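Here is a short set of exercises to work through with the model open beside you. Try each task before you read its solution.

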Amino acid sequence: SVAATFSAQDRLRAAPPMLRAWRSDVHTTRPDHLTFTVETQVGDWFVAPHKIDLEFQRHRLGRVVAFVGPNGSGKTQLLARIASGVHGFDREGVKVTPRPEGPVLALSYSAFDEFRRPVETKRDKYRYWGLRRPRGELDLTQLRHRIAITLGELTSQQRERLARAVVDSRLAACDARSEAIARNSADFGAFQSMSAGCQIAFMALCALVVDVKPDTLVLFDEPEVHLHPELLSGVMRVLHELLHER
(Lines give C-alpha, C1' and ligand atoms only; values in the text may rest on other atoms or scores of the structure.)
Protein backbone atom coordinates (compact mmCIF):
# COMPACT_ATOMS: atom_id res chain seq x y z
CA SER A 1 0.00 0.00 0.00
CA VAL A 2 1.37 3.41 -0.89
CA ALA A 3 0.45 7.08 -0.88
CA ALA A 4 2.10 8.16 -4.12
CA THR A 5 0.99 8.42 -7.77
CA PHE A 6 -1.31 8.42 -10.82
CA SER A 7 -4.99 7.80 -11.75
CA ALA A 8 -8.36 8.97 -13.16
CA GLN A 9 -9.04 12.65 -14.02
CA ASP A 10 -12.71 12.57 -13.02
CA ARG A 11 -11.82 11.83 -9.39
CA LEU A 12 -9.39 14.74 -9.39
CA ARG A 13 -11.98 17.17 -10.76
CA ALA A 14 -14.61 16.07 -8.24
CA ALA A 15 -12.30 16.45 -5.23
CA PRO A 16 -12.10 19.50 -2.90
CA PRO A 17 -9.98 22.28 -4.43
CA MET A 18 -7.23 22.63 -1.78
CA LEU A 19 -6.34 19.03 -1.02
CA ARG A 20 -7.26 16.15 -3.30
CA ALA A 21 -7.06 12.42 -2.75
CA TRP A 22 -6.41 10.95 -6.18
CA ARG A 23 -6.65 7.17 -6.44
CA SER A 24 -6.88 4.42 -9.01
CA ASP A 25 -10.36 3.81 -10.40
CA VAL A 26 -10.35 0.10 -9.56
CA HIS A 27 -13.44 -1.86 -8.59
CA THR A 28 -13.08 -5.24 -6.93
CA THR A 29 -14.83 -7.25 -4.24
CA ARG A 30 -11.74 -9.04 -2.94
CA PRO A 31 -11.90 -9.30 0.85
CA ASP A 32 -8.17 -8.78 1.38
CA HIS A 33 -8.06 -5.06 0.63
CA LEU A 34 -6.93 -2.47 3.19
CA THR A 35 -9.41 0.26 4.13
CA PHE A 36 -9.13 2.90 6.84
CA THR A 37 -10.24 6.46 7.60
CA VAL A 38 -7.99 9.35 8.61
CA GLU A 39 -9.42 12.33 10.54
CA THR A 40 -7.06 15.25 11.19
CA GLN A 41 -6.69 19.01 10.90
CA VAL A 42 -4.36 20.09 8.08
CA GLY A 43 -3.53 23.75 7.47
CA ASP A 44 -5.43 26.82 8.64
CA TRP A 45 -8.08 27.05 5.93
CA PHE A 46 -10.79 24.82 7.41
CA VAL A 47 -12.50 24.76 10.80
CA ALA A 48 -13.57 21.12 10.63
CA PRO A 49 -10.96 18.33 10.42
CA HIS A 50 -10.31 16.59 7.12
CA LYS A 51 -11.88 13.14 6.90
CA ILE A 52 -10.27 10.97 4.23
CA ASP A 53 -11.29 7.41 3.37
CA LEU A 54 -8.38 5.36 2.00
CA GLU A 55 -8.70 2.04 0.24
CA PHE A 56 -5.87 -0.13 -1.14
CA GLN A 57 -6.45 -3.26 -3.19
CA ARG A 58 -4.41 -6.07 -4.72
CA HIS A 59 -4.54 -4.64 -8.23
CA ARG A 60 -1.21 -2.96 -9.15
CA LEU A 61 -2.75 0.51 -9.48
CA GLY A 62 -5.15 -0.19 -6.62
CA ARG A 63 -2.17 -0.29 -4.26
CA VAL A 64 -1.46 3.40 -4.85
CA VAL A 65 -3.21 6.57 -3.69
CA ALA A 66 -1.94 10.08 -4.46
CA PHE A 67 -2.57 13.35 -2.67
CA VAL A 68 -2.49 16.20 -5.18
CA GLY A 69 -2.67 19.90 -4.37
CA PRO A 70 -0.99 23.31 -4.70
CA ASN A 71 2.17 24.18 -2.79
CA GLY A 72 1.34 24.87 0.84
CA SER A 73 -1.98 23.00 0.82
CA GLY A 74 -0.78 20.54 3.46
CA LYS A 75 0.17 17.38 1.58
CA THR A 76 3.37 16.78 3.57
CA GLN A 77 1.54 17.54 6.83
CA LEU A 78 -1.11 15.01 5.89
CA LEU A 79 1.41 12.24 5.17
CA ALA A 80 3.17 13.00 8.45
CA ARG A 81 -0.16 12.84 10.29
CA ILE A 82 -1.00 9.51 8.67
CA ALA A 83 2.40 8.17 9.73
CA SER A 84 1.91 9.30 13.31
CA GLY A 85 -1.69 8.07 13.45
CA VAL A 86 -0.96 4.63 12.05
CA HIS A 87 2.10 4.27 14.28
CA GLY A 88 0.11 5.54 17.28
CA PHE A 89 2.53 8.13 18.68
CA ASP A 90 0.20 11.13 18.11
CA ARG A 91 -3.26 10.15 19.29
CA GLU A 92 -4.57 13.73 19.78
CA GLY A 93 -3.80 15.29 16.39
CA VAL A 94 -5.04 12.44 14.21
CA LYS A 95 -7.50 9.55 14.38
CA VAL A 96 -7.03 6.48 12.19
CA THR A 97 -9.80 3.85 12.20
CA PRO A 98 -9.29 1.00 12.00
CA ARG A 99 -5.57 1.33 12.52
CA PRO A 100 -3.50 -0.81 10.08
CA GLU A 101 -1.35 -3.39 11.83
CA GLY A 102 1.51 -3.51 9.32
CA PRO A 103 4.79 -1.57 9.30
CA VAL A 104 5.06 2.06 8.16
CA LEU A 105 7.81 3.19 5.77
CA ALA A 106 8.18 6.97 5.27
CA LEU A 107 10.35 8.44 2.50
CA SER A 108 10.91 12.22 2.38
CA TYR A 109 13.83 13.79 0.52
CA SER A 110 12.87 17.48 0.55
CA ALA A 111 15.32 19.69 2.45
CA PHE A 112 12.54 22.09 3.44
CA ASP A 113 10.00 19.73 5.01
CA GLU A 114 10.09 18.46 8.58
CA PHE A 115 8.44 15.05 8.52
CA ARG A 116 7.57 14.60 12.19
CA ARG A 117 8.18 11.04 13.31
CA PRO A 118 8.99 8.84 16.30
CA VAL A 119 12.50 7.76 17.19
CA GLU A 120 13.25 4.50 15.40
CA THR A 121 14.35 1.31 17.07
CA LYS A 122 15.39 -1.95 15.42
CA ARG A 123 12.23 -3.65 16.68
CA ASP A 124 9.97 -0.75 15.76
CA LYS A 125 7.45 -1.07 12.94
CA TYR A 126 8.19 2.49 11.79
CA ARG A 127 11.04 3.24 9.36
CA TYR A 128 12.07 6.64 7.99
CA TRP A 129 14.37 7.36 5.05
CA GLY A 130 15.09 11.03 4.47
CA LEU A 131 17.36 14.02 4.99
CA ARG A 132 16.50 14.85 8.61
CA ARG A 133 17.10 13.55 12.10
CA PRO A 134 14.14 12.99 14.45
CA ARG A 135 14.39 16.54 15.86
CA GLY A 136 14.27 18.04 12.38
CA GLU A 137 17.88 19.03 11.67
CA LEU A 138 19.40 18.21 8.29
CA ASP A 139 22.06 15.52 8.37
CA LEU A 140 23.40 14.22 5.05
CA THR A 141 26.41 12.63 6.75
CA GLN A 142 24.16 10.46 8.90
CA LEU A 143 22.07 9.48 5.87
CA ARG A 144 25.09 8.43 3.82
CA HIS A 145 26.45 6.52 6.81
CA ARG A 146 23.15 4.66 6.99
CA ILE A 147 23.35 3.82 3.28
CA ALA A 148 26.87 2.46 3.76
CA ILE A 149 25.73 0.27 6.68
CA THR A 150 22.63 -0.89 4.81
CA LEU A 151 24.63 -1.87 1.73
CA GLY A 152 27.00 -3.85 3.94
CA GLU A 153 24.11 -5.73 5.55
CA LEU A 154 22.21 -6.65 2.37
CA THR A 155 21.54 -10.34 1.88
CA SER A 156 22.38 -11.84 -1.50
CA GLN A 157 18.67 -11.91 -2.35
CA GLN A 158 18.22 -8.25 -1.41
CA ARG A 159 21.34 -7.29 -3.34
CA GLU A 160 20.04 -9.04 -6.46
CA ARG A 161 16.65 -7.36 -6.04
CA LEU A 162 18.30 -3.94 -5.62
CA ALA A 163 20.45 -4.44 -8.71
CA ARG A 164 17.37 -5.41 -10.70
CA ALA A 165 15.50 -2.35 -9.36
CA VAL A 166 18.39 -0.08 -10.40
CA VAL A 167 18.22 -1.42 -13.96
CA ASP A 168 14.41 -1.43 -14.17
CA SER A 169 14.20 2.16 -12.88
CA ARG A 170 16.59 3.40 -15.60
CA LEU A 171 18.99 4.58 -12.88
CA ALA A 172 21.79 2.50 -14.42
CA ALA A 173 21.24 4.35 -17.70
CA CYS A 174 21.72 7.66 -15.86
CA ASP A 175 24.78 6.52 -13.92
CA ALA A 176 26.49 3.24 -14.78
CA ARG A 177 28.06 3.09 -11.29
CA SER A 178 24.69 2.55 -9.64
CA GLU A 179 24.42 -1.13 -10.60
CA ALA A 180 28.00 -1.79 -9.47
CA ILE A 181 27.23 -0.14 -6.11
CA ALA A 182 24.11 -2.29 -5.72
CA ARG A 183 26.13 -5.44 -6.33
CA ASN A 184 29.28 -4.46 -4.38
CA SER A 185 29.04 -2.57 -1.08
CA ALA A 186 32.81 -1.97 -1.12
CA ASP A 187 32.20 0.50 -3.95
CA PHE A 188 30.43 2.97 -1.64
CA GLY A 189 32.87 5.75 -2.50
CA ALA A 190 31.37 5.84 -6.00
CA PHE A 191 27.94 6.48 -4.48
CA GLN A 192 29.13 9.76 -2.97
CA SER A 193 30.33 10.99 -6.36
CA MET A 194 26.96 10.39 -8.05
CA SER A 195 24.67 13.35 -8.82
CA ALA A 196 22.12 14.43 -6.21
CA GLY A 197 19.23 13.01 -8.23
CA CYS A 198 20.94 9.65 -8.70
CA GLN A 199 21.78 9.45 -4.98
CA ILE A 200 18.15 10.19 -4.05
CA ALA A 201 16.83 7.60 -6.51
CA PHE A 202 19.33 5.00 -5.25
CA MET A 203 18.41 5.67 -1.60
CA ALA A 204 14.70 5.40 -2.38
CA LEU A 205 15.18 2.09 -4.18
CA CYS A 206 17.36 0.81 -1.34
CA ALA A 207 14.69 1.76 1.23
CA LEU A 208 11.96 0.02 -0.77
CA VAL A 209 13.98 -3.15 -1.29
CA VAL A 210 15.07 -3.41 2.35
CA ASP A 211 12.01 -2.21 4.25
CA VAL A 212 8.93 -3.11 2.18
CA LYS A 213 7.55 -6.17 3.90
CA PRO A 214 4.08 -7.75 3.68
CA ASP A 215 1.33 -5.28 4.72
CA THR A 216 3.73 -2.30 4.74
CA LEU A 217 2.16 1.14 4.32
CA VAL A 218 4.60 3.31 2.32
CA LEU A 219 4.34 7.10 2.58
CA PHE A 220 6.40 8.72 -0.19
CA ASP A 221 6.48 12.51 0.08
CA GLU A 222 7.17 14.41 -3.18
CA PRO A 223 8.68 11.49 -5.12
CA GLU A 224 9.46 13.85 -8.01
CA VAL A 225 11.99 15.90 -6.02
CA HIS A 226 15.48 15.77 -7.62
CA LEU A 227 14.35 13.32 -10.34
CA HIS A 228 13.99 14.02 -14.05
CA PRO A 229 10.80 12.62 -15.69
CA GLU A 230 12.34 9.43 -17.10
CA LEU A 231 13.95 8.44 -13.80
CA LEU A 232 10.80 9.36 -11.86
CA SER A 233 8.65 7.12 -14.06
CA GLY A 234 11.21 4.33 -13.63
CA VAL A 235 11.22 4.64 -9.84
CA MET A 236 7.41 4.60 -9.82
CA ARG A 237 7.41 1.47 -12.00
CA VAL A 238 9.77 -0.29 -9.58
CA LEU A 239 7.60 0.88 -6.68
CA HIS A 240 4.55 -0.77 -8.25
CA GLU A 241 6.46 -3.98 -8.90
CA LEU A 242 7.93 -4.21 -5.39
CA LEU A 243 4.54 -3.60 -3.80
CA HIS A 244 3.00 -6.29 -5.98
CA GLU A 245 5.88 -8.70 -5.29
CA ARG A 246 5.95 -8.17 -1.50
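**Exercise 1.** Is Arg161 buried or exposed?

*Solution.* Keep in mind that you are looking at a predicted model. Start with the location: Arg161 sits in helix H4. Next, take its relative accessible area, which is 10%. The cut-off for buried is under 20%, so Arg161 is buried. Finally, look at what surrounds this arginine. Setting aside neighbours within four places in sequence, Arg161 is in contact with Val209, Leu242, Glu245 and Arg246.

**Exercise 2.** Find Ser169, decide how much of it is accessible, and list what it touches.

*Solution.* Step one is the location: Ser169 belongs to the loop between helix H4 (156-168) and helix H5 (171-174). Step two is accessibility: the relative value for Ser169 is 0%, so this serine counts as buried. Step three is the polar side chain. A polar atom of the Ser169 side chain lies 3.0 Å from the backbone oxygen of Val166. Step four is the wider surroundings. Not counting residues up to four places away in sequence, Ser169 touches Leu205, Glu230, Leu231, Gly234, Val235, Arg237 and Val238.

**Exercise 3.** Which residue of helix H4 is tied to Glu245 by a salt bridge, and how far apart in sequence are the two parts?

*Solution.* First, the partner: Glu245 forms a salt bridge with Arg164, and their closest N and O atoms are 3.1 Å apart. Second, place both ends. Glu245 lies in helix H9 (residues 229-245) and Arg164 in helix H4, so this pair ties together parts that are 81 residues apart in sequence. Third, check accessibility at each end. Glu245 is partly exposed, with a relative accessible area of 39%, and Arg164 is partly exposed as well, at 38%. You met Glu245 in the opening exercise too, among the contacts of Arg161.

**Exercise 4.** Trace the salt bridges of Arg183 and name the residues that end up in one network.

*Solution.* Begin with the link to helix H4: the side chains of Arg183 and Glu160 meet in a salt bridge, with an N to O distance of 3.2 Å. This pair links distant parts of the chain, since Arg183 is in helix H6 (residues 177-183) and Glu160 is in helix H4, 23 residues apart. Then turn to the link inside helix H6. Glu179 forms a salt bridge with Arg183, the closest N and O atoms being 3.3 Å apart. Both residues lie in helix H6, four residues apart, or about one turn of the helix. Put the two bridges together: through shared partners, Glu160, Glu179 and Arg183 are joined into one network.

For accessibility, go through the members in turn. Arg183 is partly exposed at 41%, Glu160 is partly exposed at 43%, and Glu179 counts as partly exposed at 26%.

**Exercise 5.** Step back to the whole protein: how many helices and strands does it have, and what share of its residues is buried?

*Solution.* Count the elements first: there are nine helices and nine strands. Then the burial: of the 246 residues, 51% are buried. For the surface, the accessible area is about 12,300 Å², and carbon and sulfur atoms account for 51% of that area. For the contacts, consider those between residues at least 6 apart in sequence; 60% of them join residues at least 24 apart. Last, the salt bridges in the count come to seven.

Key. Residues are numbered from 1 along each chain as its sequence is written. This is a predicted model: local features need pLDDT of at least 70, side-chain atom pairs count only at pLDDT 80 or more; totals for chains, interfaces and linings use all residues. Side-chain values use heavy atoms; hydrogens and water are left out. Buried means under 20% relative accessible area, exposed over 50%, partly exposed in between (1.4 Å probe, protein chains only). A polar contact is a pair of N or O atoms within 3.5 Å; within protein, one must be able to donate a hydrogen and the other to accept it, and residues adjacent in sequence count only if both atoms are side-chain atoms. Contact means heavy atoms within 4.5 Å. Accessible areas come from the Shrake-Rupley method with a 1.4 Å probe; for residues, only the protein chains shown count as cover. A salt bridge is a side-chain nitrogen of Lys or Arg within 4 Å of a carboxyl oxygen of Asp or Glu.
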